Structure formats: structure tokens, C-alpha cells
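Trainee: Could you take me on a close look at a single part of this chain, the helix α4 and what surrounds it? I would like to see how one piece fits into the whole.

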Amino acid sequence: MISGLASAASTYLRPASTSSSNATSTAGVQSEVSAASDAAAGGPRIDVSQLKPLQGAKPISAADNPVLRDLMATNWLMTHGATATQSSVADNAPENTYARVTVNGKVVATLYNGGSSAMTNEAAARIGDLKDPPDLSGPDLAQWRADSYAKLLGGTVEKAPTAITQSQWTPRESSSAAYSRDQLDAAFQAMLAEGQKATAQRQSPYLASPTPPGTSADFNA
């Protein structure tokens, strides 16, 4: 029954969140940036010669800023392909199945513990733009979707043995929180070591003298 859902050509995937409140018009952003740039260009000019250095200002090291330190370490880990501590199992993996909706013995939709769903294109067309309740997530959202799909499609809900309860569900963490403290600390030290090595390599041609002491080099040859 599930084999039909494996084909991307005939399957519609619906993420756990379908809110469009964060959607932003690219044209609108570009016009705002353009307006801000024009306003800045037409603003008062600053005489650089009148600027004075701040008294007592000291440079801030990333090592002394925990937030910046972790952000840099996280970026280093992601760049080097390090695996986060959270589970690498995808939300829509078979072992995360919450329930299936069947119509006339055929599986038309599959719900997952994280709240996401997959369905046939025909089922998606009939369900249309169904709005999710704003206060539901995880298994609770999966249950609501399963019941709603079954009602709209005239089918039945079959709970999967891999379904979990809301209390058993753990939301996926953000990328920065997915790495352990040891991973972040080790990554920051490795990043510093890489920077020191790169600096030493850049300086080496200037530190090494091409001629022994007491001699001169003829550059006109």
C-alpha cells in the first residue's frame, strides 16, 4: 500500500507548518532597501576629519562572547559537515509514521509523528488549502490532519504501531542547539588553530630572507 507514496511524481508532501505569515515579497524588500539607500545617500555628510576615537574603547574577542563564539563554532561545524547530536532520522521516515488514511482499501495519505503528511495528488486536490489550527504540533497535529483528511476524503484512519503520544514527542532543535557543548568548544579551538596556521603561512615568505646576512642581491639581472 505504501509503495504508491514513494513516487515523487504522484505524491504531495505537506510540511508540519503551512503558515504563510512569514512570507515576504521580494519586490517589497527590494523597494524598501532602495528607499533606505536613497535616504542615506541624501542625508547629511559627515566630515571624517572631525571624528575622534572613543576613549577607553577596547576590542572584543569572540572568545569572550559566548553567543558569538557558539555561532562561529556552529558555522565551522556545518561547513565541515559535522553531524549534529540530534537524530538524523528524517521526519517522514517510515519509523516515524503516525497514521494512514485509506479510501476503499487504498492508502491516500500518510501522517508522521512530527505533524507532516504525504498524500496522493488526487487527495491533495480534494483537500485543497486546509488550514491547520495554530496551537497544534507533533502528534496532536498529525491526529487532527488524519481525522480531517478522512472526513473530507470519505476514508478511515489506521493508527500505525510506530505512533507516539504528544508527551513522547521531542521537537527538533535549531542547528546551533543541536551540537553538544564539547562539539562547539572543540570546533572553536580548531577554528582558531586553522586561523593561526593560515596567518603563519601568509607571513612565512616575508620572514624568510632569500639572501644570507652580509650579502646583497642584484635585482637587475
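Mentor: Happy to! Let's begin with the whole chain: from start to end its pattern reads β-α-α-β-β-β-α-α-β-α-α, which gives six helices and five strands. Please keep in mind that this is a predicted model. The average pLDDT of the chain is 74, and 59% of the residues score at least 70. Residues 1-9 have a pLDDT below 50, with 13 contacts in the model beyond near neighbours in sequence. Residues 20-27 are also below 50, and that stretch has one such contact. Of the 221 residues, 24% count as buried.

Now for α4 itself. This helix has 16 residues, and the distance from its first C-alpha to its last is 22 Å, close to the 22 Å expected at 1.5 Å a residue. Many names appear on its list of buried residues: Gly 138, Pro 139, Leu 141, Ala 142, Arg 145, Ala 146, Ser 148, Tyr 149, Ala 150 and Leu 153. Just after the helix comes Gly 154, with a positive phi of about 70°.

What do some of those buried residues join? In soluble globular proteins, nonpolar side chains tend to be buried together. Here, the largest nonpolar core has 17 residues, and Val 101, Val 108, Leu 111, Met 119, Tyr 149 and Leu 153 are those with the most contacts inside it. At least two core residues come from each of β2 (97-103), β3 (106-112), α3 (121-127) and α4 (138-153). With five residues, α4 gives the most to this core. A second, separate core has eight residues, among them Ala 73, Trp 76, Tyr 179 and Ala 187.

Look at Leu 153 in the view. Leaving aside residues up to four places away in sequence, Leu 153 touches Val 103, Val 108, Ala 123, Arg 126 and Ile 127.

Next, find Arg 145, another buried residue of α4. Its side chain has a polar contact of 2.6 Å with the side chain of Asp 132, a residue in the loop between α3 and α4. Asp 132 has 19% relative accessibility, so it counts as buried, the cut-off being under 20%.

The side chain of Arg 145 also makes a polar contact with the side chain of Ser 117, at 3.4 Å. Ser 117 sits in strand β4, residues 117-120. Because its relative accessibility is 3%, Ser 117 counts as buried. The Ser 117 side chain has a polar contact with the side chain of Tyr 149 too, at 3.2 Å. Tyr 149 is thus a good residue to pause on: it is among those with the most contacts inside the largest core, and it makes this polar contact as well.

Let's finish with a strand that supplies part of that core. Thr 97 is found in β2, and its 3% relative accessibility is why it counts as buried. The side chain of Thr 97 reaches the backbone oxygen of Pro 94 at 2.8 Å. Not counting residues up to four places away in sequence, Thr 97 touches Thr 110, Leu 111, Tyr 112, Asn 113, Ala 160, Thr 162 and Ala 163. One of these, Leu 111, is also among the residues with the most contacts inside the largest core. Across the chain, 70% of the contacts with a separation of 6 or more are between residues 24 or more positions apart.

Conventions:
Residues numbered from 1 in each chain as written. Predicted model: local features only at pLDDT ≥ 70, side-chain atom pairs only at ≥ 80, totals over all residues. Heavy atoms only, no water. Core = buried A, V, L, I, M, F, W, Y, C linked by side-chain atoms within 4.5 Å. Buried < 20%, exposed > 50% of the residue type's maximum accessible area, 1.4 Å probe, protein only. Helix = DSSP H or I, 4+ residues; strand = E, 2+ residues; numbered from the N terminus. Contact = heavy atoms within 4.5 Å. Expected span 1.5 Å × (residues − 1). Polar contact = N/O pair within 3.5 Å; in protein donor to acceptor, adjacent residues only side chain to side chain. pLDDT = per-residue confidence, 0-100.
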